[in-house]
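Visitor: I would like a close look at a single part of this protein, namely one place where two helices pack against each other. Please take me through that part carefully and then set it within the whole chain.

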Amino acid sequence: MLKRFIIFCAFMIFSLPVQAAEIARKHIPDAEFVGEGRLTYMFWDVYDASLFAPGGDWEPGEPLALELIYLRDITGKQIADRSLDEMEDLGMDDSVRLNEWYNDMVRIFPDVTDGFVLTGVLTPRGETVFYKHDQEIGRVADPEFGHYFFDIWLSAETSAPDLRAKLLGRNKS
């Protein structure tokens, strides 16, 4: 029984990056791994993040896929709340659009637990597509949403500059 559990755990660990790469390539045919890092808040590990972009080199405004593997339990509403706060901190001040986006995020984001995988893809058409593990769970068509949403991690003004550097492959430590 222990042997089966170990094999199952190894399969899950080694299949996660493959899932993200496959999801990325579904929307972005030349998507390649760019970088990865861990978000830690105070002393809590929150999630591990991996970035995929065309040719393995992300540029602002270009398509991308961002995978988050959660390391703790968080409600979908908490994820939406934090995302909205980050978008506002990045300068989005259109309250009508923010409200629409917030409602989209609350509708799309599930509650997550340790090991849960969420992937967001900014498609070449500017649409944002979300996946729970390898299953699509929702879309936001507004290209401006994708800009602000992914800037949470990728903007020079992000609240997590160390994670940004790792995602962009600029800090491999």
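**The packing of H2 and H3**

Guide: In this predicted model, H2 passes H3 in a right-handed crossing. Helix H2 covers residues 76-89 and helix H3 covers residues 95-108, and the two pack with their axes 9 Å apart, at an angle of about 150°. Because angles over 145 degrees count as roughly antiparallel, H2 and H3 are roughly antiparallel to each other.

On the H2 side, the residues that take part are Lys77, Ala80, Asp81, Ser83, Leu84, Met87 and Glu88, and on the H3 side they meet Leu98, Trp101, Tyr102, Met105 and Val106. Sorted by character, the residues of this contact between H2 and H3 comprise eight nonpolar, one polar and three charged.

As for the surroundings of this pair, the protein has five helices and six strands in its secondary structure, and these elements follow one another along the sequence in the pattern α-β-β-β-α-α-β-β-β-α-α. Of the contacts in the protein with a separation of 6 or more, 55% are between residues 24 or more positions apart. Of the 173 residues in the protein, 46% are buried, while the accessible surface comes to about 9700 Å², with 54% of that area belonging to carbon and sulfur atoms.

Methods:
Residues numbered from 1 in each chain as written. Predicted model: local features only at pLDDT ≥ 70, side-chain atom pairs only at ≥ 80, totals over all residues. Heavy atoms only, no water. Helix = DSSP H or I, 4+ residues; strand = E, 2+ residues; numbered from the N terminus. Buried < 20%, exposed > 50% of the residue type's maximum accessible area, 1.4 Å probe, protein only. Contact = heavy atoms within 4.5 Å. Areas by Shrake-Rupley, 256 points an atom, 1.4 Å probe, with all protein chains shown as cover. Axes fitted to C-alpha atoms, helices over the stretch in contact; angles between N-to-C directions. Parallel < 35°, antiparallel > 145°, perpendicular 65-115°, else oblique. Left-handed = near helix turned anticlockwise from the far one by under 90°. Nonpolar A, V, L, I, M, F, W, Y, C, P; charged D, E, K, R; others polar.
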